[in-house]
Amino acid sequence: MPKKDKKIEIKRHSISHLMAAAILELYPKAVFGIGPVIENGFYYDFILPQKITDNDLPRIEEKMRDLIAKNLSYEKKTVSLEEAKKIFSELKQHFKIELLENLEKYGTTEEEVIQKGIRKEKIDKVTIYTTGNFVDLCRGPHVKSTKQINPESFKLTKIAGAYWRGDEKNPMLTRIYGVAFNNKKELNEYFTKLEEASKRDHRKLGQELDLFSIHEEFGPGLVYWHPKGARVRVIMEDFWRQEHYKNGYDIVFTPHIGKSALWEISGHLGFYKENMYNPMEIDKDEYYIKPMNCPFHIQIYKSKIRSYRDLPLRWAELGTVYRYEKAGVLNGLLRVRGFTQDDAHLICTPKQMPDEIKKVLDFSIFILKSFGFKDFNIYLSTKPKKSVGNASMWQEAIKALKKALKKSKLKYFIDEGGGAFYGPKIDIKIKDALGREWQCSTIQFDFNMPERFEMEYIGEDGKKHRPYMIHRALMGSLERFFGAMIEHFAGAFPLWLAPVQVIILTVSQRHKKYANEVYKILLNNGVRVELWDSNETISKKIREAELQKIPYILVVGDREIKSKSVAVRQRGKGDIGAMKVDKFVKTILELEKIKNR
RNA sequence: GCCUCCUUAGUUCAAUGGUAGAACAGUGGUAUCGUAAACCACAUAUGCCAGUUCGAUUCUGGCAGGAGGCUCCA
């Protein structure tokens, strides 16, 4: 978490009030929601008497600057709850009154606390801030006067709809986002940074580097892996399989479709149907394409009687699932409708559980680090209001999760009540180029499936027991992980992951034969090599290879033929001189072994 | 799904109420070249469906997609 700069946060908050004041001037009938500080800026939610578009933003900004020039003060006043209610009802601000009622009832406006029914200390006085004609219920603090706000230090960026209190059932308000910094220079730096970030966008790089495509006209959210992207995927998968066998997993394969009976027992038809694709009829039975792998793995478990001696079982599968995700949530490779989870289920006795958790947590960190991710946030999600499984199971599971995190010295955030209804979980999220977090690794307890499928093992006592089942994915999905990886490396994959490691370029047509010899040597040594002997100038071929971010470019011409060498150009370093062919092969094979570990 | 914006060759961009122009990529030639774009020629596009209009790529509406948010993400 970045260190918070209180000063700029106060300014951002004050600018958000300033924007509200400007809105009030322009639309006297506006009803105000809330207007907090966010990363890099602020927003404010309103109900406006008319539709506004991006074209209205400059007008609002202008009004804000007018107000700054008027040197308005941010006047603080402490009033009783009753008084505040009177003030806001006179102003016809029903959202503010709702907030006041929450303060009165629960001592807070925090939705999570209210939902859990935790009553905070009683509040009988609140503070209100007045700027010009705009009066707001607000804890503050604020700047003293609009004079302290640099009129060039902020910009309104976008309009979006947002549900009141973040609840889909509530009305949608108009949200205006803005960014604000200390001065114009910092503001410009922010926009430059955004531009830089957009160059790393995996959707852009995916096209430029010919890695993947999505054909919206033939199915949004469905990914086509091109040869180069597929090559990376093969490397990812090979590494994944190898490491899973090393870590005591077995790999399984299961079908892509299953009869409705399976999904009825699993409960998916009851609580997940809207995310599943419609069934197909085969021999008068309904078959559903799988949105999850768990029910299939459970069938393998149930194919015979299991003893405590068989446990723990660790079954992994690169399982491709299809989920109907709402149209508005799709995002390149990061959120799709068909994806391959690097899924596994751990089935163990209660006694084995803590050790299994620790192992799987360490495994997931190892995988993330292997692929170059060092900066990620870990979340521990606890029991939600609606849940299955008894309280002691939850407690025991959460305890084990916390203990594993502590033992591995990992910092984490607690997502109170954020667990799935069937169990607590640890999620590891990595950031994309724009700083948005995407959940990749997930380690989830499942108290539901073992129950529904009546999973059992025979214990030492000869009696039947119910095993623990832990569902986990390390990369999350290959699609999302690949997308995150493209952005992380900005398309310049390290040698061991690069789809093409070496490209050979001929200076002119008469060097084709020698180039082909070098190509064969590299290919036979397992190097991912391409030969580009087309009739283009060498400069052009180099430019093209550089744009493709290929780690090593070999130029061959008369000189190299004579000395049985290649002229080596390394990504990021340029021409590093000639090297004998066999030495280059040796060097590249050595370098490939070094992962980012 | 909801809110705002967007949709012109394979790609990046231009123009227009009288059906579109360029660059790169592509194809065919010429050149045979030493570390980030050789030269010439050719071919290629207004997402789909309605409406308004003599005429729509341009205006309006719907649909389909996309971007950024919101919600969701078992």
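User: In this predicted model, at about what angle does helix H1 run to E6?

Analyst: The model is a predicted one, and in it helix H1, which covers residues 6–26, lies across both E5 and E6. Taken against E6, the direction of helix H1 is at about 135 degrees.

User: Which strands stand at the edges of the sheet formed by E4, E5 and E6?

Analyst: The three strands form an open sheet in the order E4-E5-E6, with antiparallel pairing. Strand E4 (75–80) and strand E6 (134–137) each have a single partner strand, so one side of each is left without a neighbour in the sheet. Neighbouring strands of this sheet are turned against each other by 30 degrees on average, direction ignored. The strands at the edges are therefore E4 and E6.

User: Which residue in E5 is the bridge partner of Glu75?

Analyst: E4 pairs with strand E5, residues 125–131, in the antiparallel sense, and the pairing extends over six bridges. Within E5, the residue that partners Glu75 is Thr130.

User: Which helix gives the most to the largest nonpolar core?

Analyst: The largest nonpolar core has 90 residues, of which Ile504, Val518 and Leu554 touch the most other members. With seven residues, the helix that gives the most to this core is H12, residues 353–370.

User: With which residues is Val518 in contact, leaving aside its neighbours within four places in sequence?

Analyst: Val518 is one of the residues that touch the most other members of the largest nonpolar core. Once its neighbours within four places in sequence are left aside, the contacts of Val518 are Ile504, Leu554, Val556, Val566 and Val581.

Technical notes: Residues numbered from 1 in each chain as written. Chains lettered and ligands numbered in written order. Predicted model: local features only at pLDDT ≥ 70, side-chain atom pairs only at ≥ 80, totals over all residues. Pairing = 2+ DSSP bridges. Helix = DSSP H or I, 4+ residues; strand = E, 2+ residues; numbered from the N terminus. Axes fitted to C-alpha atoms, helices over the stretch in contact; angles between N-to-C directions. Contact = placed C-beta atoms within 7 Å. Core = buried A, V, L, I, M, F, W, Y, C linked by C-beta atoms within 7 Å. Buried ≥ 20, exposed ≤ 12 C-beta atoms within 10 Å, placed from the backbone.
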